Number of protein chains: 2
Amino acid sequence: MTKLFAGIEGGGTKFVVAVGRPDGKILAETRIPTTTPEETLSRCVDFLQAQADALGSLAAIGVACFGPLDLQPASVNYGHILSTPKNGWSNADILGSLRKAFDVPISIDTDVNGAALGEWRWGAAQGLENFIYLTIGTGIGGGGMLNGNLMHGLLHPEMGHIPLPKDDDAISVCPFHDDCFEGLASGPAIEMRWGVKAEELPVGHPAWEVEASYIAQALRSFICTLSPQRIILGGGVMAQAHLFPLIREKTLVELNGYIQSPEILKRIDEYIVPVALDGKAGILGAFALAEQALKK
Amino acid sequence: MTKLFAGIEGGGTKFVVAVGRPDGKILAETRIPTTTPEETLSRCVDFLQAQADALGSLAAIGVACFGPLDLQPASVNYGHILSTPKNGWSNADILGSLRKAFDVPISIDTDVNGAALGEWRWGAAQGLENFIYLTIGTGIGGGGMLNGNLMHGLLHPEMGHIPLPKDDDAISVCPFHDDCFEGLASGPAIEMRWGVKAEELPVGHPAWEVEASYIAQALRSFICTLSPQRIILGGGVMAQAHLFPLIREKTLVELNGYIQSPEILKRIDEYIVPVALDGKAGILGAFALAEQALKK
């Protein structure tokens, strides 16, 4: 019987569930709308059981889920969603629901750490031990690896909420902070400030200079704090490929030669890069989490 | 013969060299002024050899040194100081000079990572896997552990150079950045702004409100980026114990309830703490690095 990995990419509007081979080849995939935790998770379980019956046995499950999540293995709430504005999902026991249904190793992490792991396994971060992955879209989130392990801590990074110096006309859309990266530079922030959806702003519009400046400030902050070997940028806003040269140039200006690394000073094009897996990073990240679960 | 550890704390004005027991008990210590690399390092070697002859054999050496340092084991410049304004020290081969003299395991890291390791082994970070250690004095530097390993990456963190939102009367003393943590909040920044040395400013002076605000912004940035389990603050400026309650209060305001962790929301007094080893963190950190070298 074929050894199968299962991946679940849990988002606020939909759950993507897939079964595939250990090499990342997806054999079956479905999308389940995010309703109540009970309904959503039981539909995930049903799909995986049906696929396992048809295709072979599940060897491991990886879950890359929206948060905030309790990721401390010693905690009684390990694998639960913490308090969230998403109706009905506060304290939802994601890991426990799956453990009840499947007696295989299961690994859970944040959606961004999952995507980061996907990029490490099959995408733009292969061979690295220290990198960050940022998604800049409806929200801004970050994850990555340090010393070869996914970033965890007290909880998990919330990179969208670092403070940034803001310009005089800045508007923050974050209900918590008037000066955070997400508040100033997420897709909704662009729309609020310029009165037009980000994807409708033309190349060359002054909005992009402002956007690239905020992103460059944030990257300088992450570089000085973490010293990553590479920075991978994804998400809806970063689909604007013309942003990359602007961001690279402004990041060099921000750092102003302080970090003496040829990777930054001479090879910035390979240092700040787009996602390689694009729309697949999430579900492939969940597969990579399954692979990790099996190794533990 | 007693097993001895050697520790070297390399600074811009002096090197502290000590020999001691594996439990951190210092048996002999000296201070050597930082002159040329050749002279300074050969005096370190001479002291250690004399102590080893008198007290027993050296089992391992730990070096916590000013930077920037090349800390990539695979690099040809591993253990060298990189380009530095400190006259004569650019490209100084710290590790190589010691390896020529001693055939024992040697571990080298930044001064701040060394101090962080000292706090982990014997001080305020015992039992933690994720924490940061910041020194706020003549300069501002940071290190710490992530997933149980000292923070490394492309180079090493330069936490003093993250950008911060600045107030209208801000003055930066950093020659590279007009908006960085070190530029705005180091000892020399306080003196430049208020015209008086930090240690001469009385408790209750408005300078301390400004200082605590900058530090709180920086801590929010590090918390959102790294999610540490604890933050340890040392250095000359932090000798002002009255700063701690101000910093804790302002950090809570900065985060504004976004990070839902009881460690932060309910136990901030145990979350943002002073160094426990005080003036000894550097040399004890070097001992802890020696211990690490022996385990590798």
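1. Starting with the contact in this predicted model: chain B and chain A bury about 4,000 Å² between them, and 55% of that is on carbon and sulfur atoms. If you want to know where to look on the chain B side, try Leu154(B), Thr225(B) and Tyr258(B), which together supply 18% of the area chain B buries against chain A, more than any other three residues.

2. In residue terms, the contact takes 48 residues from chain B and 47 residues from chain A. The overlap is worth a note too: 98% of the interface residues of chain B are also interface residues in chain A, so the copies meet through the same surface.

3. Now the symmetry. A turn of 180 degrees with a shift of 0.0 Å along the axis lays chain B on chain A, and the RMSD is 0.0 Å. That is the relation of a two-fold axis. To find the axis on screen, go to Pro165(B): of the residues of chain B, its C-alpha comes closest to the rotation axis, at 1.9 Å.

4. On charged pairs, the rule finds 2 salt bridges across the interface of chain B and chain A. Take Asp179(B) with Arg220(A), a salt bridge whose closest N and O atoms are 3.0 Å apart.

5. Next, empty space. The structure holds 3 cavities of 30 Å³ or more, and the largest has about 50 Å³ of space in it. Its lining is made of Leu184(A), Ala189(A), Ile190(A), Arg193(A), Trp194(A), Ala207(A), Val210(A), Glu211(A) and Tyr214(A). Helix H5 (187-194) and helix H6 (206-226) of chain A each supply at least two residues of that lining. By class, the lining of the largest cavity has 7 nonpolar residues, no polar ones and 2 charged.

6. Over in chain B, you'll find the lining of the second largest cavity: Leu184(B), Ile190(B), Arg193(B), Trp194(B), Ala207(B), Val210(B), Glu211(B) and Tyr214(B). The elements giving two or more residues here are helix H5 (187-194) and helix H6 (206-226) of chain B, with H6(B) contributing the largest share, 4 residues. This second largest cavity has about 40 Å³ of space, and its lining splits into 6 nonpolar, no polar and 2 charged residues.

Definitions and conventions: Residues numbered from 1 in each chain as written. Chains lettered and ligands numbered in written order. Predicted model: local features only at pLDDT ≥ 70, side-chain atom pairs only at ≥ 80, totals over all residues. Heavy atoms only, no water. 1 Å grid on protein atoms, 1.4 Å probe; cavity = no way out; pocket = protein on both sides within 12 Å on 5 of 7 lines; lining within 4 Å. Points joined across faces, edges and corners; volume = space filled by probe spheres on them. Nonpolar A, V, L, I, M, F, W, Y, C, P; charged D, E, K, R; others polar. Least-squares fit on C-alpha atoms with pLDDT ≥ 70 in both. Contact = heavy atoms within 4.5 Å. Buried area = accessible area lost by both parts, 1.4 Å probe. Salt bridge = Lys/Arg side-chain N within 4 Å of Asp/Glu carboxyl O.
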